[in-house]
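Let's walk through the rings and the sulfurs of this one, with the cut-offs spelled out as we go. Have your viewer ready.

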Amino acid sequence: MPRLETIRLEKWHRYLLYLASLGLMVTGIAWLWFHYFDRLEDEYGSMPHPLEYVVLQWHGVWAFLFIFLFGSLLNGHMRQAWALGRNRIAGSLLLTNLLILTVTACLLYYASHEMLRDYASVVHWLAGLLAGVCLPLHIMLGRK
């Protein structure tokens, strides 16, 4: 039977996950803002804000760091917590949300059909906003 100490993350690991999560949230919200609310108008119509692409690039950088760190949780943190019966509901909700984010990110990057990309985009940013609730919930319940 695993011990409770085996599921606790080391401070550096926890802080890097928080930093990557915050980076994803900030750049994701910035992209939403630039894409939907701060478009530029000229004589040819609406055009993307110049920072929209920059924040999207940074979102991708934060995503790579987060995916690396998330993968490092699979064997220790997640498997051990599941065996201990700890925080299963919030952890499963977070895991499902992260899987939806991963699949929709792949669709956004690789899908060639525009309608599929449009649907994937909406699902991706809704799941991203939901992750901003799921992760703190998982942390709070895990500390109890």
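Start with Arg14, whose charged end sits over the ring of Tyr15, 5.5 Å from the ring's centre. "Over" has a strict meaning here: NZ of Lys or CZ of Arg must be within 6 Å of the ring centre and within 35 degrees of the ring normal. Arg88 does the same kind of thing with Trp82, its charged end sitting over that ring at 4.4 Å from the centre.

Before going further, a word on where the numbers come from. This is a predicted model, so local features need pLDDT of at least 70 and side-chain atom pairs count only at pLDDT 80 or more, while totals for chains, interfaces and linings use all residues. Residues are numbered from 1 along each chain as its sequence is written, and side-chain values use heavy atoms, with hydrogens and water left out.

Now for rings against rings. Searching the whole structure turns up six aromatic pairs, a pair being two rings of Phe, Tyr or Trp (its six-membered ring) with centres within 6.5 Å; planes under 30 degrees apart count as stacked, over 60 as edge-to-face, and the rest as tilted. Take Trp31 and Tyr36: their ring centres are 6.1 Å apart and their planes meet at 85°, so this pair is edge-to-face. Trp31 is buried, at a relative accessible area of 15%, whereas Tyr36 is partly exposed at 40%. (Buried means under 20% relative accessible area, exposed over 50%, partly exposed in between, using a 1.4 Å probe and protein chains only.) Both residues also belong to one aromatic cluster with Trp125.

Phe66 and Phe70 give you the stacked arrangement, with 6.2 Å from centre to centre and 10° between the planes. Why are these two about one helical turn apart? Because they are four residues apart in helix α2, which covers residues 50-71; helices here are DSSP runs (H or I, at least four residues), as strands are (E, at least two), numbered from the N terminus. Phe66 is buried at 13% relative accessible area, and Phe70 is buried too, at 18%.

Last, the sulfurs. How many disulfides does a search of the whole structure find? Zero, where a disulfide would be a pair of cysteine sulfur atoms within 2.5 Å. For Cys106, the nearest cysteine sulfur is that of Cys134, and it is 19 Å away. Cys106 is partly exposed, at 40% relative accessibility, while Cys134 is buried at 2%.
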